Amino acid sequence: MIVSPFCTIGPFFPFEFADELSDMAEHAIGTPIIVTGRVLEEGLGPTRNSIVEFWQPDSNGIFRHPLDPRFAEADPGFPGFGRARTDHDGWYRIRTVLPGAPVGRAPHINVMVLAIGLTRRLVTTVFFSDAPDPVLECVPPALRSRLIAGKHPDTETYRFDLILRGENETPFFAD
Amino acid sequence: MTKEYSLYDDRSQMLRYIDRYPKSFTRTPLAPLIQRPLTLSERTGPIGLAQQLAIGQLDLSRPKADAPRALGQLISVSGRILDEDGSPLRGAVIELWQANAAGKYIHKMDNHQAPIDPNFIGHGRLVTNEEGEYQFFSIKPGAYPVLESGWWWRPPHIHFSIFGVSWMDRYVTQIFFPGDPLNETDLLLNGVPDRATRDRLIFEFGDTTMGDVSSVGYKRDFILRGHRRTPELD
Ligand SMILES: [Fe+3]
């Protein structure tokens, strides 16, 4: 059977659908962190009113999903899924916990961008170091640093910008 | 070995660049999308949302059960959610949003000079049953202008966001109503090159009902990515 056609999320995705899922850390075990950055289009203009979604393992690297062999030990207070919307200047902000390393992977968060002008979703992955990872290794070496979040020296805040197109474009993965 | 796949140039999907839709040219990446193996991280996804969020039997046509209904044509929308192998997706969360009968959203970004309907909320969530089926009542949305375009009126449509069983099958779309003349000029609907695929963005006319709730029916099934497109890393 053929997969149904995607279409853009458009400008009117309800704010509350995003805002109620913007804190994954509230009841979770682990180090609370903020991941924040700007979503920018060609020419580095802001992509206002877009949606950024996140899927990640808990602080022990366990996915809250029955396919994970360690599912039974997943942190019951950690949802794994979060969502943020961008403001007038293209900024998003999500609160979560620092992900643990899943078996065979470096710590990471899956990221999805949904926006006006994108007829389909864009997916990428944000990492916290350049530790070996089978997905990061698919990215040309010169571009890998674009997928590594920068930690603020004094706080548990990580900066990750998503440049959809143009110079310093974020690497995105096939879908 | 990991099978490579891509929907990038798939004729069954909407084009990434659409003429006269300027943001499609400033937001679509220049670089080809990078192939990668699918690990547990991509093959899992949010399946616990139904427990986490308030989700109920959905009637978008009124704010609560004893409230007056919104203005407009009462409709019943139903269908099934399946994966590529034809297996029903039970417990899949669906998020819905749409304009009221006058073509107005309850949303800060909506500058269209059309009236708000106090009895129309315009968004909600529901979950599929054991057979992968969903059903909700609403009113038929109105058309609305894309003000910055200078000419483009969006035909009536309902927005769907669906959570399947993995990160890879996360799905967002818009579904249109059959026979609307604005369907012929809509940039998004006509951004699907293949005619048969385009029809899969349009509701099928369903059954009319008469009784406690009389409504006009519309149907739309969805096929999300399944096992065939999610080979394992091994
Ligand atoms: Fe719309």
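Visitor: Which residues do ring pairs link into a cluster?

Guide: The cluster holds A:Phe6, B:Tyr134, B:Phe136, B:Phe160, B:Tyr171, B:Phe177, B:Phe203, B:Phe205, B:Tyr218 and B:Phe222. Rings of Phe, Tyr and Trp (its six-membered ring) pair if their centres lie within 6.5 Å; planes under 30 degrees apart count as stacked, over 60 as edge-to-face and the rest as tilted.

Visitor: What kind of model is this?

Guide: This is a predicted model, where local features need pLDDT of at least 70 and side-chain atom pairs count only at pLDDT 80 or more, while totals for chains, interfaces and linings use all residues. Residues are numbered from 1 along each chain as its sequence is written, chains are lettered from A and ligands numbered from 1 in the order in which they are written, and side-chain values use heavy atoms, leaving out hydrogens and water.

Visitor: How many aromatic pairs does the structure hold?

Guide: There are 24 over all chains. One of them is A:Phe13 with B:Trp97.

Visitor: Why is the pair of A:Phe13 and B:Trp97 called edge-to-face?

Guide: A pair of rings is described by the distance of the centres and the angle of the planes. Here the centres are 4.8 Å apart and the planes 85° apart. The distance is within 6.5 Å and the angle is over 60, so the pair counts as edge-to-face. A:Phe13 lies in the segment before α1 (15–19) of chain A, and B:Trp97 in strand β3 (residues 93–98) of chain B, so the pair joins two chains. Helices (H or I, at least four residues) and strands (E, at least two) are DSSP runs, numbered from the N terminus. Both A:Phe13 and B:Trp97 are buried.

Visitor: What makes B:Phe205 and B:Tyr218 an edge-to-face pair?

Guide: Their centres are 5.7 Å apart and their planes 80° apart. That is within 6.5 Å and over 60 degrees, so both tests are met. This pair links distant parts of the chain: B:Phe205 is in strand β10 (residues 204–209) and B:Tyr218 in strand β11 (residues 215–219) of chain B, 13 residues apart.

Visitor: Are B:Phe205 and B:Tyr218 buried or exposed?

Guide: Buried means under 20% relative accessible area, exposed over 50%, partly exposed in between (1.4 Å probe, protein chains only). B:Phe205 has 54%, so it counts as exposed. B:Tyr218 has 9%, so it is buried.

Visitor: Why is A:Cys138 called partly exposed?

Guide: Its relative accessible area is 29%. That lies between 20% and 50%, so A:Cys138 is partly exposed. A:Cys7, at 2%, is buried.

Visitor: How many disulfides are there over all chains?

Guide: A disulfide is a pair of cysteine sulfur atoms within 2.5 Å. By this rule the count is 0.

Visitor: How do you know that the charged end of A:Arg85 sits over the ring of A:Phe15?

Guide: A charge sits over a ring if NZ of Lys or CZ of Arg is within 6 Å of the ring centre and within 35 degrees of the ring normal. A:Arg85 is 3.7 Å from the centre of the A:Phe15 ring, and B:Arg170 is 3.8 Å from that of B:Phe163.

Visitor: Which protein donors does the iron ion have?

Guide: They are B:Tyr105 (OH), B:Tyr144 (OH), B:His157 (NE2) and B:His159 (NE2), 2.0 to 2.1 Å away. Donors are N, O and S atoms within 2.8 Å of the metal (3.2 Å for Na, K and Ca); water is not among the atoms, so sites may look incomplete. B:Tyr105, in the loop between β3 and β4 (123–127), and B:Tyr144, in strand β6 (residues 144–145) of chain B, are 39 residues apart. Both are buried.

Visitor: Why is the iron site called irregular?

Guide: Four donors count as tetrahedral if all angles lie between 85 and 135 degrees; four count as square planar and six as octahedral if opposite donors are over 155 degrees apart and all others between 65 and 115; anything else is irregular. The angles here run from 90 to 154° among 4 donor atoms. The value of 154° is over 135 but not over 155, so the site is irregular.

Visitor: How do you know that β8 and β9 of chain B pair?

Guide: Two strands pair if DSSP finds at least two bridges between them. Strand β8 (residues 157–163) and β9(B) have 6 and run antiparallel. B:Ser161 stands opposite B:Val172. In strand β9 (residues 171–176), 6 of its 6 residues are buried.
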